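Work through the following exercises with the sequence and the model open side by side. Each one sets a task and then solves it step by step.

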Amino acid sequence: MEVGLQEFQEAHREGAYVIDVRQPDEYVAAHIPEVRLVPLNSLAGAFSTLPENTPIYIVCATGARSLHATLALRRAGVEAYSLAGGTMGWIRAGLPVKSGAPVA
C-alpha cells in the first residue's frame, strides 16, 4: 500500500497518475511537478474522474492523509499507493518542486 521514494520516482518518471490530497494552499506553496490536486475532503466526489484500470499514486505532506486516501480507494476497488514520507520526503531528498496553481 505504501511505496518508498525510489519506487514512486520511477512510477512518476514513467507518467503515473498521481494525486495530491493536501489542501489547495499547501499545494500552491510547493508540490511535486505534474501532480493533480484532489483535496482529501473532495476525494469521494472525484472517484468518477479517476482513470480506470491504472494504478493511482497519492501524496500529501508526510504520508498520513495519503495513506487514509489510499485505504479509501482500495476499499472502492482502485489500485492505489501512498508515498511514504509524502511531499516533505520528496523535498528533503532534494527533488524538484513547483509552486502555483493546480495542474488541470
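## Exercise 1: The strands and their crossovers

Strands β4 and β5 pair in the parallel sense over three bridges. In this predicted model, work out which residues face each other across the strand pairs that involve β5, and how the chain crosses from β4 to β5.

Solution. Begin with the pairing of β4 and β5, where I58 stands opposite S82 of β5. The chain passes from β4 through α4 to reach β5, and this β-α-β crossover is right-handed. Next, turn to strand β1 (residues 2-3), which also pairs with β5 in the parallel sense, over two bridges; here V3 has L83 as its bridge partner in β5. Finally, examine the two faces of β5 (residues 80-83): A80 and S82 lie on one side, Y81 and L83 on the other, and all of them are buried, so that both faces of the strand are covered.

## Exercise 2: Strand β2 and its partners

Identify the strands with which β2 pairs, and establish which way its side chains point.

Solution. On one side of the task is the pairing with strand β4 (residues 56-59), which is parallel and runs over four bridges, with Y17 standing opposite I56. The pairing with strand β3 (residues 36-37) is likewise parallel and runs over two bridges, and in it D20 stands opposite L37. Together, β2, α2 and β3 make a right-handed β-α-β unit. As for the side chains of β2 (residues 17-20), Y17 and I19 point one way while V18 and D20 point the other way, and all are buried.

## Exercise 3: Salt bridges and their surroundings

Find the three salt bridges of the structure, and decide for each partner whether it is buried, partly exposed or exposed.

Solution. The principle is that side chains of opposite charge can pair when their charged atoms come close.

- Step one: E10 forms a salt bridge with R13, and their closest N and O atoms are 3.8 Å apart. Both residues lie in helix α1, three residues apart, which is about one turn of the helix. E10 counts as partly exposed because its relative accessibility is 40%, whereas R13, at 60%, counts as exposed.
- Step two: D20 forms a salt bridge with R22, with the closest N and O atoms 2.8 Å apart. Since buried means under 20% relative accessible area, D20 counts as buried at 0%, and R22 counts as buried at 5%.
- Step three: R65 forms a salt bridge with E26, the closest N and O atoms lying 2.9 Å apart. This pair links distant parts of the chain, for R65 belongs to helix α4 (residues 64-75) and E26 to helix α2 (residues 24-29), 39 residues apart. R65 is partly exposed, with a relative accessible area of 26%, and E26 is partly exposed, with 24%.

## Exercise 4: The aromatic cluster

Which residues do ring pairs link into a cluster, and what is the geometry of the pair F8 and W90?

Solution. A search of the whole structure finds three aromatic pairs. In the pair of F8 and W90, the ring centres are 5.8 Å apart and the planes stand at 80°, so the pair is edge-to-face. Because F8 lies in helix α1 (residues 5-13) and W90 in helix α5 (residues 86-92), the pair ties together parts that are 82 residues apart in sequence. Both F8 and W90 are buried. Ring pairs link F8, Y57, Y81 and W90 into a cluster. One further step concerns Y81: the charged end of R74 sits over its ring, 5.0 Å from the centre.

## Exercise 5: Two buried helix residues

Determine what T70 and H12 touch, leaving aside neighbours up to four places away in sequence.

Solution. T70 is found in helix α4 and, at 0% relative accessibility, counts as buried. Its contacts are M1, I58, A80, Y81 and S82. The C-alpha atoms of T70 and Y57 are separated by 8.2 Å, the two residues being 13 apart along the chain. H12, by comparison, is found in helix α1 and is buried, with a relative accessible area of 19%. H12 is in contact with V18, I32, P33, E34, V35 and W90.

Technical notes. Residues numbered from 1 in each chain as written. Predicted model: local features only at pLDDT ≥ 70, side-chain atom pairs only at ≥ 80, totals over all residues. Heavy atoms only, no water. Phe/Tyr/Trp six-rings, centres within 6.5 Å; stacked < 30°, edge-to-face > 60°. Buried < 20%, exposed > 50% of the residue type's maximum accessible area, 1.4 Å probe, protein only. Lys NZ or Arg CZ within 6 Å of the ring centre and 35° of its normal. Salt bridge = Lys/Arg side-chain N within 4 Å of Asp/Glu carboxyl O. Pairing = 2+ DSSP bridges. Right-handed = clockwise from strand over helix to strand, strands pointing away. Contact = heavy atoms within 4.5 Å.
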